[in-house]
Amino acid sequence: TAVPTIALNDGTEIPQLGFGVWQVPADDAADVVAEALKVGYRHIDTAAVYGNEEGVGRAIANSGIPREELYVTTKLWVGDFKAGRTKEALRTSLQKLGLDYVDLYLIHWPSPADEAYLDAWKAMEELQAEGLTRSIGVSNFLPEHLDRVLEAGTIVPAINQVEIHPALQQRSIQEADEKHGIKTQAWSPLAQGAVFEDEPVVAAAQAHGVSPAQAVIRWHLQRGRILFPKSVTPERIASNFDVFGFELSEAELSAIDSLERDGRSGPNPAEFNPS
Ligand code: NAD
């Protein structure tokens, strides 16, 4: 399967479809990621706070896949950057992953009660210069947080990873990202299953003889977003990747667009200040 790649503003490319491992238990991560690599995924999205970087690293090491064929993202936890430990945090993640570099390092949340994320961004720029991460970006940043990073930093984030699915499309965030040359990644792209019974999703799935999950994945791909659905079930891991043999029509895509209902499942970044 040839997964399309998306060009980022730093000259690198990212596979548009990947595999996410939030809530995959540490003890299962190696097996689950091995399954994903077996069916062809080459882009893995993890985070320090997921607690499963070691398992991800084990699966990568055991796969025998050349490092340059893989795209690995991890994320900087808020408590680490608030304590001024951004660079140590990436070194710890690399050690757990068993890698010399990650492809993408993201600030996980802005946690905007203070502006510690601005110092974190400066440290991220240094980590990129040191070669410990190819690309640097942010996650859950609202346009106002992006503006502050653009004022304080010298590098424009390559990525903003935010919650996006048919029930929460975040159009103003996507427009702000695009204006600055930042690519948007969709987290919880399947709304964790919450849109699988919605009529436009069911209709598109039936018309193409695919599952609702596959129809939603196609909708993201055709709308140009980068995504990494999660599953721990081998059949679903495989079918979520088997999405390159059909295409939704513009009418099917816009019917799914119409499912927007402010259906947020995660925290609102403006009010979320974890430590
Ligand atoms: P998702 O939208 O990918 O949904 C996953 C769930 O949907 C599964 O647990 C399963 O219940 C169901 N599912 C998956 N495939 C299915 C199929 N084929 N048929 C039926 N049901 C199916 O949810 P997610 O895990 O929240 O998001 C994906 C990834 O996004 C995460 O693993 C993580 O990597 C990333 N993420 C990032 C943040 C962030 O703050 N940056 C937050 C949440 C998630």
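In the predicted model, K183 counts as buried, because 23 C-beta neighbours lie inside 10 Å of this residue and 20 or more suffice for that class. K183 belongs to strand β9, which covers residues 183-187. Apart from neighbours within four places in sequence, the contacts of K183 are I6, L8, A158, I159, D177 and I226. V210 lies 27 residues from K183 along the chain, and the C-alpha atoms of the two residues are separated by 28 Å.

The secondary structure of the chain consists of 11 helices and 10 strands. The radius of gyration is 18 Å, close to the 19 Å that the globule rule gives for 275 residues, so the chain is as compact as a globular protein of that length. The C-alpha trace spans about 50 × 40 × 30 Å along its principal axes. Buried residues make up 46% of the 275 residues of the chain. Of the contacts between residues at least 6 apart in sequence, 73% join residues at least 24 apart.

Helix α2 comprises residues 53-63, and its buried positions are E53, G55, V56, G57, A59 and I60. These buried residues pack against two helices and two strands, namely α1 (26-39), α4 (86-97), β4 (43-45) and β5 (71-76). In an α-helix, residues three or four places apart point the same way, because there are 3.6 residues a turn. Just after α2, G64 adopts a positive phi of about 70°.

A further helix pair is formed by α8 (residues 199-208) and α9 (residues 212-222), which pack at an angle of about 100° with their axes 8 Å apart. Since angles of 65 to 115 degrees count as roughly perpendicular, α8 is roughly perpendicular to α9. On the α8 side, the contact involves V201, V202, A204, A205 and H208, and these meet P212, Q214, A215 and V216 in α9. By class, the residues of this contact divide into 7 nonpolar and 2 polar, with no charged residue.

The ligand is surrounded by 25 residues, of which G20, W22, L190, A213 and K230 come nearest. The shell around the ligand contains 13 polar, 9 nonpolar and 3 charged residues.

How values were computed. Residues numbered from 1 in each chain as written. Predicted model: local features only at pLDDT ≥ 70, side-chain atom pairs only at ≥ 80, totals over all residues. Near = placed C-beta within 6 Å. Nonpolar A, V, L, I, M, F, W, Y, C, P; charged D, E, K, R; others polar. Axes fitted to C-alpha atoms, helices over the stretch in contact; angles between N-to-C directions. Helix = DSSP H or I, 4+ residues; strand = E, 2+ residues; numbered from the N terminus. Parallel < 35°, antiparallel > 145°, perpendicular 65-115°, else oblique. Contact = placed C-beta atoms within 7 Å. Rg over C-alpha atoms; globule rule 2.2 N^0.38 Å. Buried ≥ 20, exposed ≤ 12 C-beta atoms within 10 Å, placed from the backbone.
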